[in-house]
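Visitor: I have a new model open and would like to talk through the labels people put on it. Could you take me through the reasoning behind them?

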Amino acid sequence: SIDDDAFDSLARLVMYQRDSRHTAAAADAALCAALGGALLPRGLLGISGGAAGVAGLMGQPSWEAKAQTMLELAGKWASLSALPARRSGARDAVDKAFEASAKGVRGVGPWTVKEFMIGLGRTDVLQVSCHEVATGLRHLLEAEQAGGQPLTVAAWSKAARFRPDHLTRVSAILRALHRRVQASRPAKADACTDAQAALAAIPRE
């Protein structure tokens, strides 16, 4: 179902955070195989042995804390009367209720929840706690020779008066800028020019 597909994405965000993609991909494949191909709340909650059992199925016995986070999220998901689903648009009351609930789970912070909402298609997410977005902004401000104290992503975005329903685009542009500069330092000037043009096309309030 759509709801189960959305949870699958959330569980993977937890699985992949703070570990190499190669290791996480292997753990992901092992757990999915054990559960019949998908990371569903009822499947995770049905694994015997709790967090140790989940970590064992992933082939990562040291991942008990991560497994516990996944189990708690599965429990939260199963208890909600309305669930976030894939759609394009701004976050609504259902999304915000889930965000508040998920942030109460140890191991789930603002970055995880916002990445999840971006993945679902939400257009109003400014990823202020993302290193790539913050570094992209630093490159941009350096190119613009902006003086004074370094601005946070939130403060800069507020001053720029971007429309809230376009903040996910702002995050994506800054992230892409960081990645281009990381891939090729000599391309920084062109990358910043492209980012400035893309940001200039975003509607303002």
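Guide: Gladly! Let's begin with a cut-off: a residue is buried under 20% relative accessible area, exposed over 50%, and partly exposed in between. Keep in mind as we go that this is a predicted model.

Visitor: Then why does R161 count as partly exposed?

Guide: R161 has 46% relative accessibility, which falls between the two limits, so R161 is partly exposed. You will find R161 in the loop between α9 (153-160) and α10 (167-183). Its backbone deserves a look as well: R161 is not a glycine, yet has a positive phi of about 60°.

Visitor: What makes R18 exposed?

Guide: The relative accessible area of R18 is 70%, and the label needs over 50%, so R18 is exposed. R18 sits in the loop between α1 and α2. R18 also has a positive phi, of about 65°, although it is not a glycine.

Visitor: And A97, why is that residue called partly exposed?

Guide: With a relative accessible area of 45%, A97 lies between the limits for buried and exposed, so A97 is partly exposed. A97 belongs to helix α6. From A97 to P110 the separation is 13 residues in sequence and 14 Å in space, C-alpha to C-alpha.

Visitor: Let's step back. How many helices and how many strands does the protein have?

Guide: There are 11 helices and 0 strands. The C-alpha atoms fill a box of roughly 55 × 35 × 30 Å along the principal axes. Of the 205 residues, 43% are buried. Among contacts with a separation of 6 or more, 67% are between residues 24 or more positions apart.

Visitor: Now the helix pairs. Why are α6 and α7 called roughly antiparallel?

Guide: The two helices pack at an angle of about 150°, with their axes 10 Å apart. Angles over 145 degrees count as roughly antiparallel, so α6 and α7 earn that label. Their crossing is right-handed. On the α6 side the contact uses D95, F98, E99 and A102, and on the α7 side V113, F116 and M117. By class, that contact has 5 nonpolar, no polar and 2 charged residues.

Visitor: Which residues of α7 are buried?

Guide: In α7, T112, V113, K114, E115, F116, M117 and L120 are buried. Just after α7 comes G121, with a positive phi of about 105°.

Visitor: What makes α4 roughly perpendicular to α5?

Guide: The axes of α4 and α5 cross at roughly 110° and come within 8 Å. The range for roughly perpendicular is 65 to 115 degrees, so α4 and α5 fit the label. This crossing is right-handed. G50, A51, A52, V54 and A55 from α4 meet E64, A67, Q68 and L71 from α5. The residues of this contact divide into 6 nonpolar, 2 polar and 1 charged.

Visitor: How do you know that α8 is roughly perpendicular to α11?

Guide: Helix α8 (residues 131-143) and helix α11 (residues 188-200) pack at about 100°, their axes 10 Å apart. That angle lies in the 65 to 115 degree range, so α8 is roughly perpendicular to α11. H139, L140, E142 and A143 make the contact from α8, while K188, C192, A195, Q196 and L199 make it from α11. Here the classes are 5 nonpolar, 2 polar and 2 charged residues.

Visitor: One last topic, the interior. Which residues touch the most other members of the largest nonpolar core?

Guide: L31, L44, M58 and F116 do, in a core of 34 residues. At least two residues of this core come from each of α1 (2-16), α2 (21-35), α4 (50-57), α5 (64-79), α6 (93-102) and α7 (110-120). The helix giving the most is α1, with 7 residues. A second, separate core has 21 residues, including C130, F162, L167 and I202.

Visitor: And what does L31 touch?

Guide: Leaving aside residues up to four places away in sequence, L31 touches M15, L39, L44, I47, V54, L57, M58 and M70.

Notes. Residues are numbered from 1 along each chain as its sequence is written. This is a predicted model: local features need pLDDT of at least 70, side-chain atom pairs count only at pLDDT 80 or more; totals for chains, interfaces and linings use all residues. Side-chain values use heavy atoms; hydrogens and water are left out. Axes are lines fitted to C-alpha atoms, for helices over the stretch in contact, and angles run from 0 to 180 degrees between N-to-C directions. Helices (H or I, at least four residues) and strands (E, at least two) are DSSP runs, numbered from the N terminus. Angles under 35 degrees count as roughly parallel, over 145 as roughly antiparallel, 65 to 115 as roughly perpendicular and the rest as oblique. Contact means heavy atoms within 4.5 Å. Ala, Val, Leu, Ile, Met, Phe, Trp, Tyr, Cys and Pro count as nonpolar, Asp, Glu, Lys and Arg as charged, and the others, Gly among them, as polar. A nonpolar core is a set of buried Ala, Val, Leu, Ile, Met, Phe, Trp, Tyr and Cys residues joined through side-chain atoms within 4.5 Å. Buried means under 20% relative accessible area, exposed over 50%, partly exposed in between (1.4 Å probe, protein chains only). A crossing is left-handed if the near helix is turned anticlockwise from the far one by less than a right angle, and right-handed if clockwise.
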